[in-house]
Amino acid sequence: MREKIRRLEVKTVSGLALVLTLVFGANTWTNLVQFRSVYLAQTRDRAVMLTDAIVARTEPLLAGTGGSTEQLKALVGFPSFKLFFKELIERNRGVTAAAVYDASGAYVAHTDGVQAGKPVPAELLAAARSGASELLSLPGAYALALPITTPSKERVAYAMVMLSDADIRATISRTIWT
């Protein structure tokens, strides 16, 4: 009789331990998912702020022009604009690239000069044209693009900021495990 009671106690304790482990694991997973969601929302807000800075720098320059690609190339080619891009990258941890691309989807200016004239990833162009202003996950990066408009509110170009996926993941991991 004692042996049966002992086996019953072991089974009860084992079952209880399993249930507690599952509850604790589910709670931990929920917290991790919630933290990641909140951090990505904060990262999106930061990306909007940085992209808005590019838009604010570009729109006044376009005020007296028609906003053609050639005029846009000339404006963003100014040394002060290139310095602005350089400082944007240097002063903002995790920002890997900043760019301006025309309405057709070709980079007009990019922190990596090699990219100038090349096409923007199709999903980024589609997201920018939709006006979603959401972080878009690309291979190795998150990107956000906002429209650059003329005074008549015609979309003539887009400003983009790319954030390092590795930096975002490292920040999340560091915050969770420390």
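Buried residues, those under 20% relative accessible area with a 1.4 Å probe and protein chains only as cover, make up 35% of the 178 residues in the chain. The model is predicted, so local features need pLDDT of at least 70 and side-chain atom pairs count only at pLDDT 80 or more, whereas totals for chains, interfaces and linings use all residues. Residues are numbered from 1 along each chain as its sequence is written, and side-chain values use heavy atoms, with hydrogens and water left out.

**Exercise 1. Overall form**

Determine how many helices and strands the chain has, and whether the chain is spread out or a compact globule.

*Solution.*
Step 1. Helices (H or I, at least four residues) and strands (E, at least two) are DSSP runs, numbered from the N terminus. The chain has five of each kind, in the order α-α-α-β-β-α-β-β-β-α.
Step 2. The radius of gyration, taken over C-alpha atoms, is to be set against the globule rule, 2.2 Å times the number of residues to the power 0.38. The chain is more spread out than a compact globule, because its radius of gyration is 25 Å, well over the 16 Å that the rule gives for 178 residues.
Step 3. Along the principal axes, the C-alpha atoms fill a box of roughly 95 × 30 × 25 Å.

**Exercise 2. The surroundings of strand β5**

State which strands pair with β5 and in what sense.

*Solution.*
Step 1. Two strands pair if DSSP finds at least two bridges between them.
Step 2. Strand β1 (residues 95-102) is antiparallel to β5 and joined to it by seven bridges; here A98 stands opposite V161.
Step 3. Strand β4 (residues 141-149) is also antiparallel to β5, with nine bridges, and T149 has R155 as its bridge partner.
Step 4. Five residues lie between the strands in the hairpin of β4 and β5, where K153 takes a positive phi near 70 degrees.
Step 5. As for cover, nine of the ten residues of β5 (residues 155-164) are buried.

**Exercise 3. The nonpolar core**

Identify the residues with the most contacts inside the largest nonpolar core, and the element that gives the most to this core.

*Solution.*
Step 1. A nonpolar core is a set of buried Ala, Val, Leu, Ile, Met, Phe, Trp, Tyr and Cys residues joined through side-chain atoms within 4.5 Å.
Step 2. The largest has 31 residues, and those with the most contacts inside it are I54, F85, V100, I148, V161, L163 and I168.
Step 3. Helix α1 gives the most to this core, with eight residues.
Step 4. Apart from this core lies another, of 15 residues, including Y107 and Y158.

Methods. Buried means under 20% relative accessible area, exposed over 50%, partly exposed in between (1.4 Å probe, protein chains only).
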